[in-house]
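Colleague: I should like to learn how pockets are read in a protein model. May we work through an example together?

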Amino acid sequence: MFNCDLHCHSTCSDGLLPAADVARRAASNGVDMLALTDHDDLEGLPSARAAAAVAGMAFVNGVEISIEWESLQIHILGYAFDAADPALNAGLTSIRSGRIERARRMSAELAKVGIGGAFEGAMRYAANPSLISRAHFGRFLVETGVAKDLRSVFESYLVPGRPGYVDHRWATLADSLSWILGAGGIAAVAHPGRYKLSRADMRRFLAEYKELGGQAIEVVSGSHTQEHVDTFGRLAREYGFLASRGSDFHGPGESYFDLGQLAPLPDGLKPVWEAF
């Protein structure tokens with residue numbers, strides 16, 4: 001099996017390892033092709049690409065763009081684009097610009113339930129302060145004993161309706177696709193099984209996504225169950241989408257799967273990497 005991992009993160013967003021270390025770890029795990037997909041940022045791509053080249057591993061540019069669709073946050077992956085494209089870079093800058101203010105508001109909400117110092121605590125984990133995220137707050141809450149692990153943090157504090165969650169205006173679906181496609185790239189919906197969408201709403205979303213130029217969906221993901229894999233494999237066939245595969249690796253001990261340690265794509269799907 002050609003072992004592609006097309007979804008992972010470094011310290012340039014909310015991962016635990018520097019970008020070059022992510023690439024070296026992927027190569028040592030037997031990954032044949034890697035895409036580094038940091039949230040809304042391209043800073044780690046040059047060092048990851050250089051480390052991949054030394055290791056003899058294929059590398060493609062990647063990014064994970066935060067969007068809002070009908071008040072729901074969804075992530076769109078971009079692959080094999082021109083990282084110097086002005087419109088893509090300007091769009092990603094616009095998304096990053098509001099993160100620090102959101103983090104201060106999150107800290108204020110946590111303080112209301114007796115959790116102090118969250119902003120400063122989360123910032124200690126953010127190697128790139130402009131990309132401070134819920135994951136950084138989650139690590140602080142685990143460190144201070146408020147929760148036992150990141151999963152329980154998100155369930156109890158950092159999702160809609162819980163203390164610490166703060167809404168934020170992200171890019172639109174049309175924005176993200178225009179940036180990726182305009183830079184010569186391929187778009188994929190990240191971990192579609194994670195979104196709280198009914199079957200009908202998922203179909204509406206995928207129809208709009210395809211109409212706007214979306215080409216792929218992530219079928220095998222670190223957070224997908226076998227039921228998710230079966231469901232999104234069927235939808236990929238139905239809509240004519242390419243199929244992607246990625247661990248969503250954030251760091252040792254903090255991810256569902258290590259880099260490259262995923263099941264293969266189901267039979268009958270066209271892998272997205274064949275289009276690179």
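Colleague: How do the residues of the lining of the largest pocket divide into nonpolar, polar and charged?

Modeller: The general idea comes before the case. Rolling a probe the size of a water molecule over the atoms shows where empty space is left. The model here is predicted. In the lining of its largest pocket there are 15 polar, 14 charged and 10 nonpolar residues.

Colleague: How many residues line the largest pocket, and which lie nearest its centre?

Modeller: The lining holds 39 residues. Nearest the centre lie Arg 134, Phe 154, Val 159, Arg 194 and Tyr 256. The space in this pocket is about 1400 Å³.

Colleague: Which elements each supply at least two residues of that lining?

Modeller: Two strands, β3 (58-69) and β4 (72-79), do so, together with the helices α4 (99-111), α6 (134-143) and α7 (150-156). The largest share belongs to α7, with four residues.

Colleague: How is the second largest pocket to be described, beginning with its space?

Modeller: The second largest pocket contains about 380 Å³ of space. Its lining is made of 15 residues, and Arg 199, Met 202, Thr 231, Phe 232 and Leu 235 are the closest to its centre. The elements giving two or more residues to this lining are α9 (199-211) and α10 (226-239).

Colleague: Which element gives the largest share of the lining of the second largest pocket?

Modeller: That element is α10, which contributes seven residues. By residue class, the lining of the second largest pocket comprises six nonpolar, five charged and four polar residues.

Definitions and conventions:
Residues numbered from 1 in each chain as written. Predicted model: local features only at pLDDT ≥ 70, side-chain atom pairs only at ≥ 80, totals over all residues. Heavy atoms only, no water. 1 Å grid on protein atoms, 1.4 Å probe; cavity = no way out; pocket = protein on both sides within 12 Å on 5 of 7 lines; lining within 4 Å. Points joined across faces, edges and corners; volume = space filled by probe spheres on them. Nonpolar A, V, L, I, M, F, W, Y, C, P; charged D, E, K, R; others polar.
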